[in-house]
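User: Please take one part of this model and look at it closely. Start at a loop residue and work outward from there.

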Amino acid sequence: MNDILPDQTPLWQWLEGHVRTVLDSYGYREIRMPLVEATELFKRSIGEVTDIVEKEMYTFDDRNGDSLTLRPEGTASCVRAGEQHGLLYNQVQRLWYAGPMFRHERPQAGRYRQFHQIGVETFGMAGPDIDAEVILMTARLWQALGLADKVSLELNSLGDSDDRRRYREALVAYLESHRDALDEDSIRRLEKNPLRILDSKDPGTREVLAGAPSLSEYLGDESRTHFQQLCTMLDDAGVAYTLNPALVRGLDYYGKTVFEWVTDALGAQGTVCAGGRYDGLVEQLGGRATPAVGFAMGIERLVLLLEQAPPELPSAADIYIVAPEQAGAALVLAESLRDSLPGVRVQCHCGGGSFKSQMKKADKSGARLALLLGSEELAENSVTVKPLRGEGEQQRIARDELPAALQSRLQG
Ligand code: ATP
Ligand code: MG
């Protein structure tokens, strides 16, 4: 679980700001859920026989003896909240959330125990158009972040529950005939959750899987049409994708569309954004049948990508006030500038020190201008403006002309 330090937060904020702007421009609204839910919720939604529920959850009993879990993802919580507050039945919702998720995994670059996701969930829309919309939205986001040439889209359809039932039988029959070559986890899943085996990273099992029947051959008419229409919409919108029949996702609730945005610039942790359709989940959690599509992106992995060619980020201040003998007057000046120049960041030197040491701090602050307030300036009600980044001349300016002068210097 990482601290995110002040040298790192500007990039996080830059990223989060862009995501917000894009989500906003599609009419998505924010929802905020608790970090903790009843353990049952995740077992029932993500699935008992998944890596997350079997191995990765932070689960504890609270003082009442209720089993609680730090949320490992946001979809289950979002459905729980939507259902609890009557947001889902017979309605259309486009929602997003952001925040920490918790999974007890082996930490490595791009994989942490507390990590952050921005997630999107939509409810009440059954057609492929909303699948396409959320994918187009992510594509626009990569553009905005300057990551478009680093990520690519992989797409698959898992069919509906009937399709998967028929496929499961065929898959189990095939895997049974190769039982000896499967790893232990996969043998156990053969009975409980055979589709999970498709996600196995075990080399022996992967070899067996290479000859397994493919889910795409088992899609019924409805799933096939849905998927074809989605592909056509993406073609029309000019979004490139690769069909990946092996893409199954690590959570049980997905059906029909699944997608991932992947990169080869992050080593093993290649998936930066993943999602799909989960029409069965609301009903499974006790609501009425409600179609739904969503995705979540991992902020840390996006930050790692951005760090490879960082965008230009603002420093903490525009103006730094240096006033060795005039600390009180400097604070008053700073307040008056914050009044007259909203949005301009003013940092006032505090803690004393010589003119020289204060000027050093001014330089380090990244501010573009230093304002010098000495006894002479105070006596004639003026301030000396000193450019710190090379542009313009040092100049003494009367106090009542100061806001306008600063504004034009900061714009220049
Ligand atoms: P992976 O296959 O990498 O374990 P996942 O299928 O478990 O991912 P999801 O549950 O779909 O991931 O989460 C969506 C996104 O959240 C991932 O694509 C990834 O970017 C990010 N993510 C998931 N787990 C972690 C983690 N432990 N640390 C950092 N980011 C993560
Ligand atoms: Mg995982």
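Analyst:
**From a loop to the ligand shell**

Thr263 sits in the loop between β9 and β10. Strands here are DSSP runs of E, at least two residues long, and helices are runs of H or I, at least four long, numbered from the N terminus. The model is predicted, so to speak of local features takes pLDDT of at least 70 and side-chain atom pairs 80 or more, while totals for chains, interfaces and linings use all residues. Residues count from 1 along each chain as written, chains are lettered from A and ligands numbered from 1 in written order, and side-chain values use heavy atoms, without hydrogens or water.

Thr263 is buried because its relative accessibility is 8% (buried: under 20%; exposed: over 50%; partly exposed: in between; 1.4 Å probe, protein chains only). Its side chain has a partner: the backbone oxygen of Lys150, at 2.9 Å.

Now go back along the chain to the other side of β9. Lys256 occupies the loop between β8 (242-243) and β9 (257-262). Its phi is positive, about 55°, although Lys256 is not a glycine. What is its burial state, buried or exposed? Lys256 counts as buried, because its relative accessible area is 8%.

Compare another residue with positive phi. Asn90 has phi near 60°, and Asn90 is not a glycine either. Asn90 belongs to the loop between α4 (75-84) and β5 (93-102). Here the relative accessibility is 69%, so Asn90 is exposed.

Next, follow the chain from Thr263 into β10. Which element gives the most to the shell around ligand 1? That is β10, with four residues. β6 (114-123), β10 (271-277) and β11 (292-298) each bring at least two residues to this shell.

Ligand 1 has 16 residues around it. A residue belongs to this set if one of its heavy atoms lies within 4 Å of the ligand. Arg103, Glu105, Arg111, Arg249 and Thr271 are the closest. By class, the shell holds seven nonpolar, four polar and five charged residues. Nonpolar covers Ala, Val, Leu, Ile, Met, Phe, Trp, Tyr, Cys and Pro; charged covers Asp, Glu, Lys and Arg; the rest, Gly among them, are polar.

Where do polar atoms of the protein meet ligand 1? Take three pairs. For Glu105, a polar side-chain atom lies 2.6 Å from a nitrogen atom of ligand 1. For Gln117, a polar side-chain atom lies 2.9 Å from an oxygen atom of the ligand. For Thr271, the backbone supplies the polar atom, 2.9 Å from an oxygen atom of ligand 1. The protein buries 88% of the 580 Å² that ligand 1 exposes when taken alone (Shrake-Rupley areas, 1.4 Å probe).

Thr271 therefore appears twice: among the closest residues, and through its backbone in the 2.9 Å pair with the ligand. Glu105 is also in both groups, as a closest residue and as the side chain at 2.6 Å.

One more pair involves residues far apart in the numbering. Ile46 and Tyr253 are separated by 207 residues in sequence, yet their C-alpha atoms are 6.2 Å apart. Ile46 is part of helix α2. At 0% relative accessibility, Ile46 is buried.

Note on methods:
A polar contact is a pair of N or O atoms within 3.5 Å; within protein, one must be able to donate a hydrogen and the other to accept it, and residues adjacent in sequence count only if both atoms are side-chain atoms.
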